[in-house]
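I opened this entry to keep track of what I looked up, going through the empty spaces, the ring pairs and a few single side chains in turn.

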Amino acid sequence: MQNPQEVQSAAAALRKALEAAPCSFSQVMGMRKITGTTAEDNSVPVGLVLGTGLSGLADRLAERVAVPYADLPGFPVSSVDSHVGAFVWGRFPSSCGEDDVPGRPVLIQQGRCHLYEGRSPAEVCMGVRVMAAMGVKTLVITNAAGALNPHFDAGSIMCMSDFINHTGHSPLLGCNCEQWGPRFPDMSAPFDADLRTLAMETSARLGLRLERGVYIGVRGPEMETPAETRMYRQWGADAVGMSTVLEVIAARHLGMRVLGLSCISNKNLPDCMTPAPLEEIILVAAQAGKNLGRLIRAMMTKL
């Protein structure tokens with residue numbers, strides 16, 4: 001389920017749209033070709049995937065240009081109302097507060113599609129693969145998740161230390177694209193240790209509590225039962241959601257550095273389960289997203 005031709009076609013259309021827009025894209029990408037920058041250089045765009053209820057972070061960008069997914073050939077459009085459905089290019093304002101100091105360029109995936117919408121793993125991972133084709137080397141991936149760890153509270157943020165793929169799918173099935181990565185990519189460290197350390201240090205400096213834990217990805221769209229909640233917790237999972245795991249697999253296959261952050265939108269206690277309607281999840285995720293935005297903006301120049 002690797003689709004290099006479709007990815008290249010969508011990336012070419014996105015690149016053309018951004019080059020035609022009045023923004024810094026052409027300048028940044030042209031400078032990278034001349035200087036040969038690395039992933040640690042502040043001229044290299046950071047990729048950011050915004051999950052349920054978190055799309056508002058893209059509104060904080062300077063030089064903001066949005067390209068709807070519908071304008072890109074073959075790119076899947078989400079059917080979930082809380083996912084805007086656009087790539088957004090821009091810069092986060094410089095942390096030093098000086099107008100003449102450019103902020104870090106970022107390419108945001110504002111919303112995603114999911115397996116539960118009937119999409120294939122290749123479609124679910126197309127955004128990450130397009131970002132890699134656009135030169136992104138470091139990916140920050142976010143989601144709204146339900147807490148399985150009883151010590152986590154709704155409205156908090158969790159830094160993913162590992163994940164469990166319980167979707168029953170992989171984006172790497174079928175013929176391997178050797179230009180993307182090896183046939184059997186190593187997954188001993190799906191999330192970058194240095195990025196996790198940076199997130200913990202930055203959150204402490206901001207006075208934000210940042211949980212650490214294992215994320216389990218399920219297919220959905222139904223919420224988990226009390227028995228499933230107990231089982232996932234026994235497996236070692238701290239939070240559960242319906243996205244992220246396939247995207248991380250695809251990103252690591254491509255050699256990208258990945259940081260995963262979950263907004264804990266509800267709490268699953270199997271002995272006293274309460275309904276978690278989507279409207280409530282979106283509301284809590286949006287509230288937690290304010291602190292998530294503070295954290296990401298403070299980290300941006302060091303990613």
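I began with the smaller of the spaces on my list: by class, the lining of the second largest cavity has six nonpolar, four polar and two charged residues. I note here that the model is a predicted one, and that each value below is computed from it. The volume of this second largest cavity came out at about 50 Å³. I read through the residues that line it and found, among them, Tyr-69, Phe-75, Cys-113, Val-124 and Gly-127. Two helices, α3 (121-124) and α4 (126-133), each supply at least two residues of that lining.

Next I asked how many cavities of 30 Å³ or more a search of the whole structure finds. The search returned two, and I wrote down about 80 Å³ of space for the largest cavity. Its lining is made up of 14 residues, and those nearest the centre are Leu-115, Val-124, Met-242, Ser-243 and Thr-244. Val-124 thus appears in my notes for the largest cavity and also for the second largest. Helix α7 gives the most to the lining of the largest cavity, with three residues, and sorting that lining by class gave seven nonpolar, four polar and three charged residues.

I then turned to the open spaces and recorded a volume of about 380 Å³ for the largest pocket. This pocket is lined by 24 residues, and Thr-52, Ala-144, Met-223, Met-242 and Ile-281 are the closest to its centre. Met-242, which I had already listed for the largest cavity, is therefore a residue I marked twice. I also asked which element supplies the largest share of the pocket lining. The answer is β5, with four residues, while β5 (138-147), β8 (239-241), β9 (257-267) and α8 (278-299) each supply at least two. By class, I found 11 nonpolar, 11 polar and two charged residues in the lining of the largest pocket.

For the aromatic rings, the count came to five pairs. The centres of the Tyr-69 and Phe-87 rings are 5.3 Å apart with the planes at 70°, and because that angle is over 60 degrees I entered the pair as edge-to-face. This pair links distant parts of the chain, 18 residues apart, with Tyr-69 in the loop between β2 (62-68) and β3 (86-92) and Phe-87 in strand β3. Tyr-69 and Phe-87 are buried, and together with Phe-75 they form one aromatic cluster.

I looked up Phe-163 and Phe-191 as well, which form an edge-to-face pair at 6.1 Å centre to centre, with 80° between the planes. Phe-163 lies in strand β6 (residues 157-166) and Phe-191 in the loop between β6 and α5 (193-206), so this pair ties together parts that are 28 residues apart in sequence. Both of these phenylalanines are buried.

Is His-253, in helix α7 (residues 245-253), buried or exposed? Its relative accessibility is 2%, and because buried means under 20%, I entered His-253 as buried. The side chain of His-253 reaches the backbone oxygen of Gly-181 at 3.4 Å.

Last, I checked the cysteines, and a search of the whole structure finds zero disulfides. Cys-159 is buried at 1% relative accessible area, and Cys-177 is buried too, at 12%.

Key
Residues numbered from 1 in each chain as written. Heavy atoms only, no water. 1 Å grid on protein atoms, 1.4 Å probe; cavity = no way out; pocket = protein on both sides within 12 Å on 5 of 7 lines; lining within 4 Å. Points joined across faces, edges and corners; volume = space filled by probe spheres on them. Nonpolar A, V, L, I, M, F, W, Y, C, P; charged D, E, K, R; others polar. Disulfide = S-S within 2.5 Å. Buried < 20%, exposed > 50% of the residue type's maximum accessible area, 1.4 Å probe, protein only. Phe/Tyr/Trp six-rings, centres within 6.5 Å; stacked < 30°, edge-to-face > 60°. Polar contact = N/O pair within 3.5 Å; in protein donor to acceptor, adjacent residues only side chain to side chain.
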